[in-house]
Amino acid sequence: MSILLETTFGDIVLDLDVEGSPALSRNILKLTKARYYTNTLIYNVVPGRYCQMGDPRGDGTGGCSIHGLIDVYTSKNSTQTSSNAPPDVSQSQRRFLQSHGRFLSPNELQQKGLVIAMEMENIPHTIGSQFLITLSDGNGLNNLVSLGDENGTGDKGGEDNAATRKGHAKYLSLGTVAEDSQDVLSKLNRAYCDDDGRPFADIRIQRALVIHDPFDDPEGMDRLLKQRGVEVNQEEQGLEGYSLAPQSPSYDKPPEETVSVRIQADDTTLFPNVEEQSDEDEDEETKQKRLELQQKQEEEWKQKQDNSRAVMLEMLGDLPSAEIKAPENVLFVCKLNPFTNDEDLELIFSRFDQNAKAEIIRDPDTGSSLQYAFVEFTSNEACNEAYLKMNNALVDDRRIRVDFSQSVAKVWDRYHKQYRKGLGGGVDRQFMDGGGRSGGRGGGGRG
């Protein structure tokens, strides 16, 4: 009556509530046996409350029961079976199970490590493959429980009361987290998430394995396993006479997944441990080490995010290479007087470099100054000295602001020129480092 979830952050064991919710427990066990959860996303994390998983689509709108899965696989014709297209579970009339099981009381819902089946959008009898796990005690789910089930007795197959259901969620017991020696729940509770609750770094159930299954297989299970590429070795027996773990389908993500792939999660993609931060007994040396580790983790996280964005920009054609860097010998100058021209700026910055080149960015239609410019130097040293001495300087009755340029537009322009000349075939190291001077003017202020 247990399953093992191998996640990105470690393993957890779930003991299923086969006495209180036998039909729901059987459903989860058979879906696990069919390897339905292989590499599915933990797609929603609400810190301090719960995390949601079990949807191959990865957005909370998919999933089905084991009976619906059997239906869509056994009803597929030979052409569909040979294709790579995932089956459409919405076509099955048995996609969802009825909400028959033990409903959780408000007191129970406040516990950490509960495994819960919840109806989709509070619609009766819409239990599929999705479930949630509470991440902390006092998680607030007790405030959402239906008023008619305060004792946790619930409807065990009886008629559902729409009046007590209105405006309240119904949570059915699936089990509890029995083992979490690697603090998986704590790590999930510290995940960086976007506004929709999806972690910025993909956290997945890499595999789900059946530890003990007391239920008989439903009709059509053997054909389902065969079509999903799940092989069970009936000859070799494991402990207690059960068959050894079957082979899982080989894919990095489910074929049904519709959301974009993000970077792989690890410990550097987590918020610092708040419990460690609030430890009053921590000595100064330990505190210093913790702060250094925290800073390192944050820097690594930011670096991974920057790299991910750069790769995306390269794929979109906005960067010639994800490894490209802004030139270190170009300054960005803003808050200029509209009447200041290129020659004025070159004369001012020539005190640092006689060959400094300035380009004021102008409106392409009117030619009027946009009051910012780029100044290019022949050496990084001259650029650094100009930055230190010219920021907040007075030029033509205006206090200018100076900073190092982050634009790669000039490098991008040189890359395009090389490509148009037929010299394409990749971006050389000079471009990626932002180095090298062309004969033209300007610092690439259009990017």
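In this predicted model, Cys334 comes out as buried, with a relative accessibility of 18%. That value sits under the 20% cut-off for burial. Cys193 lands on the other side of that line: its relative accessible area is 22%, so it goes down as partly exposed.

As for disulfides, the count comes to zero. A pair of cysteine sulfur atoms would have to lie within 2.5 Å to qualify. For Cys193, the nearest cysteine sulfur belongs to Cys51 and is 10.0 Å away, so Cys193 is in no disulfide.

Turning to the helices, H1 takes in residues 22-33, twelve in number. From first C-alpha to last, H1 reaches 16 Å, close to the 16 Å expected at 1.5 Å a residue. A good part of H1 is tucked away from solvent: Leu24, Ser25, Asn27, Ile28, Leu29, Lys30, Leu31 and Thr32 are buried. Just past the end of H1, Arg35 adopts a positive phi of about 60°.

H1 also packs against helix H2, which covers residues 66-74. The two axes are 9 Å apart and meet at an angle of about 45°, which makes H1 oblique to H2. On the H1 side, the contact is made by Arg26, Asn27, Lys30 and Leu31, while H2 brings in Ile66, His67 and Leu69. Sorted by character, the residues of this contact are three nonpolar, two polar and two charged. Among the H1 residues in the contact, Asn27, Lys30 and Leu31 are also buried. In general, an α-helix has 3.6 residues a turn, so residues three or four places apart point the same way.

Technical notes: Residues are numbered from 1 along each chain as its sequence is written. This is a predicted model: local features need pLDDT of at least 70, side-chain atom pairs count only at pLDDT 80 or more; totals for chains, interfaces and linings use all residues. Side-chain values use heavy atoms; hydrogens and water are left out. Helices (H or I, at least four residues) and strands (E, at least two) are DSSP runs, numbered from the N terminus. The expected span of a helix is 1.5 Å times one less than its number of residues. Buried means under 20% relative accessible area, exposed over 50%, partly exposed in between (1.4 Å probe, protein chains only). Axes are lines fitted to C-alpha atoms, for helices over the stretch in contact, and angles run from 0 to 180 degrees between N-to-C directions. Angles under 35 degrees count as roughly parallel, over 145 as roughly antiparallel, 65 to 115 as roughly perpendicular and the rest as oblique. Contact means heavy atoms within 4.5 Å. Ala, Val, Leu, Ile, Met, Phe, Trp, Tyr, Cys and Pro count as nonpolar, Asp, Glu, Lys and Arg as charged, and the others, Gly among them, as polar.
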